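Let's take a tour of a protein and look for the empty spaces inside it. Have the sequence and the 3D view ready.

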Amino acid sequence: MTTVLGLAYILLEYKASIWMWAVGFAMQSLGIVLYYQKGLYADCGMEFYYLSMTVYGWWRWIGKKAPSLGGGDGGEAPTHFPRRLVLPWMLIIATVWAFIYWLLVSFTNSNVPLADSFTTALSIVGIWALAHKYLEQWFIWIAVDVVTCVLYFYKDIPFKASLYALYVVIAIFGYFKWRRMMAERA
């Protein structure tokens, strides 16, 4: 079920549809159970952050500058990630990555703490950048999706791994679609 929801989510994100937030909420709720069962504790914890960010993203996108409820055909066009935020967010990623890695090594039986903590730390910025409709969020998700695909094959979650492989392809196309949206509204 999380695979079907995940596919719907990424396709709605590609279209810049506000409905991705509702689908994401359901997907993340189910993901909490799956990741806990598979020992991906950082991913499990990340789902709680995603739940709160889906509410935040929904709220931002229904605001005055949000896309129309029918999809990505109205409202605010994507923008670039502000340069002034690049260094602070890189420092946040490095700090969160190191902290989560330490937690996983110290308090869990995780056999993939480096990759699990990396994707978690990078995803914190990715979902925030998506909520702000920054074009560069696609680059973040491409990196997360590639590592997650490999990680999930390793952890014997083939359907989710295949979904993340598909996410990479859709994210590449999504980047170009959002870039065209920016150009059309400029």
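What follows goes from the overall fold to the pocket and the cavity.

**The overall fold**

Keep in mind that this is a predicted model. The protein chain has 7 helices and 0 strands, so if you walk along the sequence you just meet the pattern α-α-α-α-α-α-α. How far does the C-alpha trace span along its principal axes? It covers about 50 × 35 × 25 Å.

Does that fit a compact globule or not, and why? A compact globule of 186 residues would have a radius of gyration near 16 Å, and the protein chain has 16 Å, so the two agree.

Of the 186 residues, 51% count as buried. The chain also brings together parts that sit far apart in sequence: take the contacts between residues at least 6 apart, and 69% of them join residues at least 24 apart. As for the outside, the protein chain exposes about 9,400 Å², with carbon and sulfur atoms supplying 71% of that area.

**The two spaces**

Here's a quick look at the largest pocket and the largest cavity.

| Space | Volume | Lining by class |
|---|---|---|
| Largest pocket | about 170 Å³ | 8 nonpolar, no polar, 1 charged residues |
| Largest cavity | about 350 Å³ | 13 nonpolar, 6 polar, 5 charged residues |

**The largest pocket**

Which residues line the largest pocket? They are Phe81, Val86, Trp89, Met90, Ile93, Leu122, Val125, Glu136 and Ile140. Try picking them out in the 3D view. By class, 8 residues of this lining are nonpolar and 1 is charged; the charged one is Glu136.

Two helices, α4 (86-107) and α5 (113-131), each supply at least two residues of the pocket lining. The largest share, 4 residues, comes from α4.

**The largest cavity**

How many cavities of 30 Å³ or more does a search of the whole structure find? The search turns up 1. The elements that give two or more residues to the lining of the largest cavity are α1 (2-14), α2 (20-37), α3 (41-61), α5, α6 (137-154) and α7 (158-185).

The cavity lining has 24 residues, and those nearest the centre are Met27, Tyr50, Trp141, Tyr164 and Tyr167. If you want to find the cavity on screen, those five names are a handy place to begin. Its lining is a mix, with 13 nonpolar, 6 polar and 5 charged residues.

Terms used: Residues are numbered from 1 along each chain as its sequence is written. This is a predicted model: local features need pLDDT of at least 70, side-chain atom pairs count only at pLDDT 80 or more; totals for chains, interfaces and linings use all residues. Side-chain values use heavy atoms; hydrogens and water are left out. On a 1 Å grid over the protein atoms alone, a cavity is a set of points where a 1.4 Å probe fits but cannot get out, and a pocket is an open set with protein on both sides within 12 Å along at least five of seven lines; lining residues have an atom within 4 Å of a point. Grid points are joined across faces, edges and corners, and a volume is the space filled by probe spheres set on the points. The radius of gyration is taken over C-alpha atoms; the globule rule is 2.2 Å times the number of residues to the power 0.38. Buried means under 20% relative accessible area, exposed over 50%, partly exposed in between (1.4 Å probe, protein chains only). Contact means heavy atoms within 4.5 Å. Accessible areas come from the Shrake-Rupley method with a 1.4 Å probe; for residues, only the protein chains shown count as cover.
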